[in-house]
Amino acid sequence: MSEIYKVNMELDVPIYRQLVDSIHSAVKKGDLSAGQQLPTVQEMTEQLGIARGTVKRAYDELERIGVVEKVQGRGTFVCYQPSNSGSRKEQAMAAIDSMLDQLENMGFSPAEINIFLNLKLREREEQEAFVKVAVVECNPENLSQMSEQLRHISGVDLYPYLLDSIQQYPYKLNEDFDLIVTTANHADYLESLVPSNKRVVRVALRLSSESLSPIIKLRPGKELGIVGHSHRFGDLLYRTAQSYAEDAVIHEPVVTEMGEKLADYLRGKDAVLVPKGYEKYFTAQMNNALKNYHGVLIDCNYEMDEGSLLYLETKIKRLLDEKKL
């Protein structure tokens, strides 16, 4: 099968999303042309060694965003065509002609139509004033926690991306983002991918005081376990524990792949660090093991510090004000 269709089982990015991104990228680059048929779900399943449901979900998403079209009884075909100014202008003029014909048939004069159009345009401008923000981080736990903070800022249209996804498909940052938010570890790399007029904002993360307090209070000799969704987050928690619970017995972190063996890992641990909202990351077996665990579960939430958050809020407010002028 063509190199166009590829997935990497070791990435934290969901398999269906990798397939969507690889096909979408191929279409944009012209490696897949309009009208070209994609492999059937069964063919893709067999060639990539992934579940039928995963392939179907990818095809459904591609259809939703207008990249492919499913033809009953025939298959799935590329329908996206890179835009060009001529065809778009012709389509726009045809759409306007159709709208004007409808309004004229309703008895409105050109002057009235002009008033209606201006009113609607102003209304949409007021409604659509927002700052388009991409947030990029190397592990899904921190990405989710950063995104949650940003969602509380009014006027933000948020697009979270894992760093691995950006490394594989840098074109994602070619969208018209007003800000690209990331940590200092990744800022230089992201700046190398985008035009100089794109604003990459570096933020500092810290463990919340609610998460840090019970770690500091662990008594010497206590057994401390760590359960993460990704290896990167597990390693981050391990380093944090070494800094703030140095007198505890800190065990190597385990991640989602632990599955049914998690109950054995938890046995004998006095406390366990988990990502905040861990239920959404772990399997039913792991969640059941944590539910039956009799020690102390410490929810770990990394958040942007006050300075970073204040800067972002101020920057976003200024951009919103500029858009409303």
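Two residues are in contact when heavy atoms of theirs lie within 4.5 Å. Keep that in mind for this tour of a predicted model.

**Stop 1: the sheet**

Start by selecting the open sheet, in which 4 strands follow the order β4-β3-β5-β6 with parallel pairing. At its edges you will find β4 (156–162) and β6 (200–203), each of which pairs on one side only. Look along the sheet and you can see the twist: on average, neighbouring strands are turned by 25° against each other, direction ignored.

Now select residues 131–137, which are strand β3. A set of 7 bridges joins β3 to β4, and the two run parallel. For one place where they meet, pick E137, which stands opposite L162 in β4.

Next, add helix α6, residues 140–151. This helix packs on the sheet and touches β3, β4, β5 (179–183) and β6. Its direction makes about 175° with that of β4.

**Stop 2: strand β5**

Move on to β5. On one side, 3 bridges join β3 to β5 in parallel, and here V133 has L179 as its bridge partner. Another 4 bridges join β5 to β6, again running parallel; look for I180 with its bridge partner V200 in β6.

Why is β5 largely enclosed by the rest of the structure? Buried means under 20% relative accessible area, and 5 of the 5 residues of β5 are buried, so the strand is largely enclosed. In a regular strand the side chains alternate between the two faces of the sheet. Colour L179, V181 and T183 for one side of β5, then I180 and T182 for the other: all are buried, and both faces are covered.

While you are here, show helix α8, residues 184–191. Helix α8 lies across β3, β5 and β6, and runs at about 140° to β5.

**Stop 3: a buried lysine**

Select K172, in the loop between α7 (163–168) and β5. Is K172 buried or exposed? Its relative accessible area is 8%, so K172 is buried. Show the side chains of K172 and D21, and you will see a polar contact of 2.5 Å joining them. Leaving aside residues up to four places away in sequence, K172 touches D21, Y161, S165, I166 and F177.

**Stop 4: the aromatic rings**

Two of those neighbours lead to the next view. There are 6 aromatic pairs in the model, and one of them is Y161 with F177, an edge-to-face pair at 6.2 Å centre to centre with 80° between the planes. The pair links distant parts of the chain: Y161 is in strand β4 and F177 in the loop between α7 and β5, 16 residues apart. With a relative accessibility of 15%, Y161 counts as buried, and F177, at 4%, counts as buried too.

Hop to Y169 and Y171, whose ring centres are 6.3 Å apart and whose planes meet at 65°, so this pair is edge-to-face. Relative accessibility is 6% for Y169, which counts as buried, and 17% for Y171, which also counts as buried.

Go back to F177 and add Y159: Y159, Y161 and F177 form one aromatic cluster.

**Stop 5: charges over rings**

Keep F177 on screen and show K132. The charged end of K132 sits over the ring of F177, 5.3 Å from its centre. To finish, jump to K269, which lies over the face of Y265 at 4.2 Å from the ring centre.

Key:
Residues are numbered from 1 along each chain as its sequence is written. This is a predicted model: local features need pLDDT of at least 70, side-chain atom pairs count only at pLDDT 80 or more; totals for chains, interfaces and linings use all residues. Side-chain values use heavy atoms; hydrogens and water are left out. Two strands pair if DSSP finds at least two bridges between them. Axes are lines fitted to C-alpha atoms, for helices over the stretch in contact, and angles run from 0 to 180 degrees between N-to-C directions. Buried means under 20% relative accessible area, exposed over 50%, partly exposed in between (1.4 Å probe, protein chains only). A polar contact is a pair of N or O atoms within 3.5 Å; within protein, one must be able to donate a hydrogen and the other to accept it, and residues adjacent in sequence count only if both atoms are side-chain atoms. Rings of Phe, Tyr and Trp (its six-membered ring) pair if their centres lie within 6.5 Å; planes under 30 degrees apart count as stacked, over 60 as edge-to-face and the rest as tilted. A charge sits over a ring if NZ of Lys or CZ of Arg is within 6 Å of the ring centre and within 35 degrees of the ring normal.
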